[in-house]
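Subject: Structure handover

Dear colleague,

Please find the structure below, with notes on what was found in it. The notes follow after the sequence and coordinates.

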Amino acid sequence: MSDRSLDEFAVASTEGDQADVADDEASTPAADAAPSVPTMRWSANGAACDDCDAVVSRRWRDGDSFVCADCKEW
Ligand SMILES: [Zn+2]
């Protein structure tokens, strides 16, 4: 159920770059994510990192923020 809702969210927010998102989902299981909160957020036009303000297409959930790959603590 949670996988299904996550897929729908990803597709709705990516428009035109679904192959890339599918790749990420394959390597980033959403098992730890809350059902309605994706681990990764894709913005086709870019969005500012909540930590360093860099504009990136792909941001990762970090607590209550979404940050770029450089700021994300892996
Ligand atoms: Zn950053």
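To begin with a turn: Asp53 takes a positive phi near 70° in the hairpin of β1 and β2, where six residues lie between the strands. Please keep in mind throughout that this is a predicted model.

The strands on either side of that turn, β1 and β2 (residues 55-62), run antiparallel and are joined by five bridges. Two of the pairs can be named. Ala48 has Val55 as its bridge partner in β2, and Arg41 stands opposite Arg59, again in β2.

A second hairpin follows, made by β2 and β3 with two residues between them. In its turn, Gly63 has a positive phi of about 65°. Here three bridges join the strands, which run antiparallel. Trp60 stands opposite Val67 in β3.

Taken together, the three strands form an open sheet in the order β1-β2-β3, with antiparallel pairing. Its edge strands are β1 (40-48) and β3, each of which pairs on one side only. On average, neighbouring strands of this sheet are turned by 40° against each other, direction ignored. As a general point, strands of a sheet pair through backbone hydrogen bonds, either parallel or antiparallel.

Next, the core. The largest nonpolar core has five residues: Cys49, Trp60, Phe66, Val67 and Cys68. Two of its members were looked at further.

Phe66 is found in strand β3, which covers residues 65-67. Is Phe66 buried or exposed? Phe66 counts as buried because it has 23 C-beta neighbours inside 10 Å, and the cut-off for a buried residue is 20 or more. Leaving aside neighbours within four places in sequence, Phe66 is in contact with Arg41, Asp50, Arg59, Trp60 and Arg61. Of these, Asp50 lies 16 residues from Phe66 along the chain, yet their C-alpha atoms are separated by 5.7 Å.

Trp60 has contacts of its own. Not counting residues up to four places away in sequence, Trp60 touches Thr39, Met40, Phe66, Val67, Ala69 and Lys72. That list includes Phe66 and Val67, both of which belong to the core along with Trp60. Val67 is also the residue that Trp60 stands opposite in β3.

When you open the file, the two turns may be a convenient place to start: Asp53 in the hairpin of β1 and β2, and Gly63 in the hairpin of β2 and β3.

Regards

Key:
Residues numbered from 1 in each chain as written. Predicted model: local features only at pLDDT ≥ 70, side-chain atom pairs only at ≥ 80, totals over all residues. Helix = DSSP H or I, 4+ residues; strand = E, 2+ residues; numbered from the N terminus. Buried ≥ 20, exposed ≤ 12 C-beta atoms within 10 Å, placed from the backbone. Contact = placed C-beta atoms within 7 Å. Pairing = 2+ DSSP bridges. Axes fitted to C-alpha atoms, helices over the stretch in contact; angles between N-to-C directions. Core = buried A, V, L, I, M, F, W, Y, C linked by C-beta atoms within 7 Å.
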